[in-house]
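Colleague: Please take a close look at the salt bridges here and walk me through them residue by residue. I would also like to hear how the pairs sit in the fold.

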Amino acid sequence: MKSEIVMLRRRGHSFQRIARELSTTVGQVRSCWQNAQDQCTGSAVPAIPTEEERDEITLLAEGPHVIYAYWEISEMLRNMSEQHIRQPWAKQQKYLRIYDCTDVLFDGHNAHYEQDIPLPEMTNNWFIRGMKENRSYIVDFGIWTREGTFFTLLRSNAIGTARCQPPDAGQYSEAVEQWKNGSAEEPSWLEQFCAYSYYEVIR
């Protein structure tokens with residue numbers, strides 16, 4: 001059971017969830033996990049993100065021109081970034097990189113365009129304005145390295161912005177509105193309508 005607990009903890013599961021999945025107690029899970037740490041040679045088992053400490057960025061459409069992004073970053077990911085960038089986390093300049101990936105199988109390099117937004121320190125959400133309607137976007141959270149490359153830490157889900165066109169707009173919308181307002185006896189689009197149906201006029 002100890003190996004299963006270690007495996008599930010490395011996947012980010014909490015003690016409570018592991019106890020439910022293995023049909024045991026939280027105390028037993030904690031005890032096995034502590035034993036695994038004690039048996040680990042060298043340093044203790046590195047901290048891993050739990051369900052309460054996740055690495056993810058999520059997008060929500062706030063309209064056709066605004067996207068809301070919020071993110072969570074675990075201590076383990078921050079430490080990894082510090083080792084890679086060789087700079088304390090608080091001194092690293094964070095960015096959001098926005099990709100327009102409408103109608104493409106996005107691979108990180110084939111967006112229609114991309115835009116970087118610098119973020120203030122201690123920020124975990126941002127409103128991204130100036131988006132275009134009826135487009136698809138993906139957002140990265142990352143760091144610019146000293147070598148001048150963008151180092152992605154998190155990548156969001158894809159999201160589509162809404163259309164600005166009213167849902168009832170179309171080729172014959174004006175004619176339908178005139179008919180609804182009583183300025184026309186029948187919609188003019190009926191002149192274009194053809195169907196194989198039987199009609200009988202009763203006088």
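**Salt bridges and their setting**

Modeller: Happy to! The protein has 203 residues, and 33% of them count as buried (under 20% relative accessible area; exposed is over 50%, partly exposed in between, with a 1.4 Å probe on protein chains only). This is a predicted model, with local features taken at pLDDT of at least 70, side-chain atom pairs at pLDDT 80 or more, and totals for chains, interfaces and linings over all residues. Residues are numbered from 1 along each chain as its sequence is written, and side-chain values use heavy atoms, without hydrogens or water.

A word on the fold before the charges. The protein holds 5 helices and 8 strands (DSSP runs numbered from the N terminus: H or I of at least four residues, E of at least two). Starting at the N terminus, the elements follow the order α-α-α-β-β-α-β-β-β-β-β-β-α.

How many salt bridges are there (side-chain nitrogen of Lys or Arg within 4 Å of a carboxyl oxygen of Asp or Glu)? The count comes to 7.

Let me begin with Arg97, which takes part in two of these contacts. One partner is Asp116, with the closest N and O atoms 2.7 Å apart. This pair links distant parts of the chain: Arg97 belongs to strand β3 and Asp116 to strand β4, 19 residues apart. The other partner of Arg97 is Glu114, where the closest N and O atoms lie 3.4 Å apart. That pair, too, links distant parts of the chain, from Arg97 in β3 (residues 94–100) to Glu114 in β4 (residues 113–118), 17 residues apart.

Are the residues of this group buried or exposed? Arg97 is buried, because its relative accessibility is 11%. Its two acidic partners are both in the partly exposed class: Glu114 has a relative accessible area of 44%, and Asp116 has one of 26%. Elsewhere, salt bridges with shared partners join Arg54, Glu56 and Glu72 into one network.

Within that network, the side chains of Arg54 and Glu56 meet at 3.6 Å, taken from N to O. Arg54 counts as partly exposed because its relative accessible area is 39%. Glu56 is partly exposed as well, since its value is 29%.

The network also leads us to a sheet. Which strands make it up, and in what order? This is an open sheet of 3 strands, ordered β1-β2-β5 with antiparallel pairing (two strands pair if DSSP finds at least two bridges between them). Strands β1 (56–61) and β5 (125–129) are the edges, and each has a single partner strand, so one side of each has no neighbour in the sheet. Glu56 from the network therefore falls in the residue range of edge strand β1.

Strand β2 (residues 66–72) pairs with β1 in the antiparallel sense over 6 bridges. Glu72, another member of the network, has a number within the range given for β2. One of the residue pairings here is that of Ala61, whose bridge partner in β2 is Ile67.
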